[in-house]
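Notebook open, structure loaded. Today I want to look at some strand pairing and then at one pocket.

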Amino acid sequence: MTRLNKFVIKALALMTMLLISMSSITAQGDALIRFVHVIPDTVPVDVYVNGTLAVRNLNYGEASTYLSVPAGNHTVTANASGLQATLWEQSVSINADSSTTFIASDAILGQFDALLGPFDAFSDNLDVTNFGTARLAIIHALAGGENVAVQLAEPVELGGATQDAGTAIAPEVAYGEKFGEFDLPSQTYVVDVLPVGASDALIESVALSLASNTSYMAVVYGTASNPQVLLLSAATSPADDTGFVRVVHGIVDGSTVDVLVNDTLIVPGLTVDNPTEHIALPAGEHEVVFVVSGTDDEVGNVDIEIEADTAQTLVALLVD
């Protein structure tokens with residue numbers, strides 16, 4: 001065992017911590033909303049809900065965290081960050097117990113001759129997912145872009161069968177539309193994004209690392225000359241008698257790792273800059289194993305005890 005591997009095991013064992021009660025995330029009847037700014041060549045924005053600052057300095061290519069709001073009608077206002085003059089304002093209606101992502105991607109002529117546009121609403125499906133399963137939706141937010149297809153750039157195993165490169169995940173998505181949501185085994189899917197009917201990709205070999213019990217939105221955005229993909233994530237609702245574990249890779253310059261629980265891959269492609277959401281696990285004892293991504297090379301393992309309605313964090317660190 002290498003020196004790095006030994007320290008990973010020690011860190012995991014020492015840093016398993018009981019954090020918080022997860023019995024109530026939002027009040028009954030409330031809703032979750034988040035905001036995404038993907039309008040090219042525009043300033044950061046502050047977002048107000050009913051006149052109260054909700055999101056500060058939302059930059060291009062960024063998403064806010066979820067905010068809990070009462071169900072009903074709300075006024076959403078976007079200002080240039082740090083300024084009071086309104087760039088745009090719109091009314092939104094939020095249903096109880098719903099989750100919604102608001103994406104600003106299209107340009108209109110606003111104040112100060114700034115090209116800005118309103119948020120479009122996309123519902124999020126945060127219903128319970130099976131252990132070892134992630135959920136994926138694809139959003140076309142590349143303003144003025146052609147209809148696009150998303151297809152595998154590398155083969156993957158699904159349900160015991162190999163899906164070849166070129167297999168369509170989303171055969172056609174128009175601007176402003178969402179494709180999916182569909183549940184997939186937790187693993188890394190390397191995909192290409194290309195105009196429908198074209199052979200040359202707009203975006204090549206994007207790695208979508210999908211963790212268990214997590215809902216993802218892959219947002220295609222940007223410009224024709226610089227298209228990009230923003231992968232949004234959110235924990236799905238827990239089943240009965242479950243607790244939560246979040247996994248953090250804290251080893252700077254360490255290898256990308258996959259995380260298995262009881263021999264099931266739950267976190268593919270874990271990196272230092274991308275901790276997981278809280279993943280629901282059944283109450284009881286579990287073996288957690290870290291391996292170098294895409295291999296069987298184990299770098300550490302630890303046994304954890306999950307209690308229902310509680311959460312804990314596993315942190316891999318180098319220690320002296």
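Before reading off partners, I fix the term: two strands count as paired if DSSP finds at least two bridges between them. I also keep in mind that this is a predicted model.

Entry on strands. I started with β7, residues 72-80. Which residue in β8 stands opposite N73? I found S93 there. The two strands, β7 and β8 (residues 86-94), run antiparallel and share eight bridges. I then checked the hairpin they make: five residues sit between the strands, and among them I noted G82, with a positive phi near 85°.

Next I looked at β3, residues 45-49, which also pairs with β7. The sense is antiparallel again, this time over five bridges. For V49 I looked up the bridge partner in β7 and got V76. So β7 has pairings with β3 and with β8, by the DSSP count of at least two bridges.

Entry on the pocket. I went to the second largest one, which holds about 340 Å³ of space. Its lining comes to 17 residues, and Q187, T188, D258, L265 and G294 are the ones nearest the centre. Which elements give two or more residues to that lining? My list reads β15 (156-158), β19 (188-195), β24 (257-261) and β25 (264-270). The top contributor is β25, with three residues.

Last, I sorted the lining of this pocket by character: seven residues are nonpolar, six are polar and four are charged.

Methods
Residues are numbered from 1 along each chain as its sequence is written. This is a predicted model: local features need pLDDT of at least 70, side-chain atom pairs count only at pLDDT 80 or more; totals for chains, interfaces and linings use all residues. Side-chain values use heavy atoms; hydrogens and water are left out. Helices (H or I, at least four residues) and strands (E, at least two) are DSSP runs, numbered from the N terminus. On a 1 Å grid over the protein atoms alone, a cavity is a set of points where a 1.4 Å probe fits but cannot get out, and a pocket is an open set with protein on both sides within 12 Å along at least five of seven lines; lining residues have an atom within 4 Å of a point. Grid points are joined across faces, edges and corners, and a volume is the space filled by probe spheres set on the points. Ala, Val, Leu, Ile, Met, Phe, Trp, Tyr, Cys and Pro count as nonpolar, Asp, Glu, Lys and Arg as charged, and the others, Gly among them, as polar.
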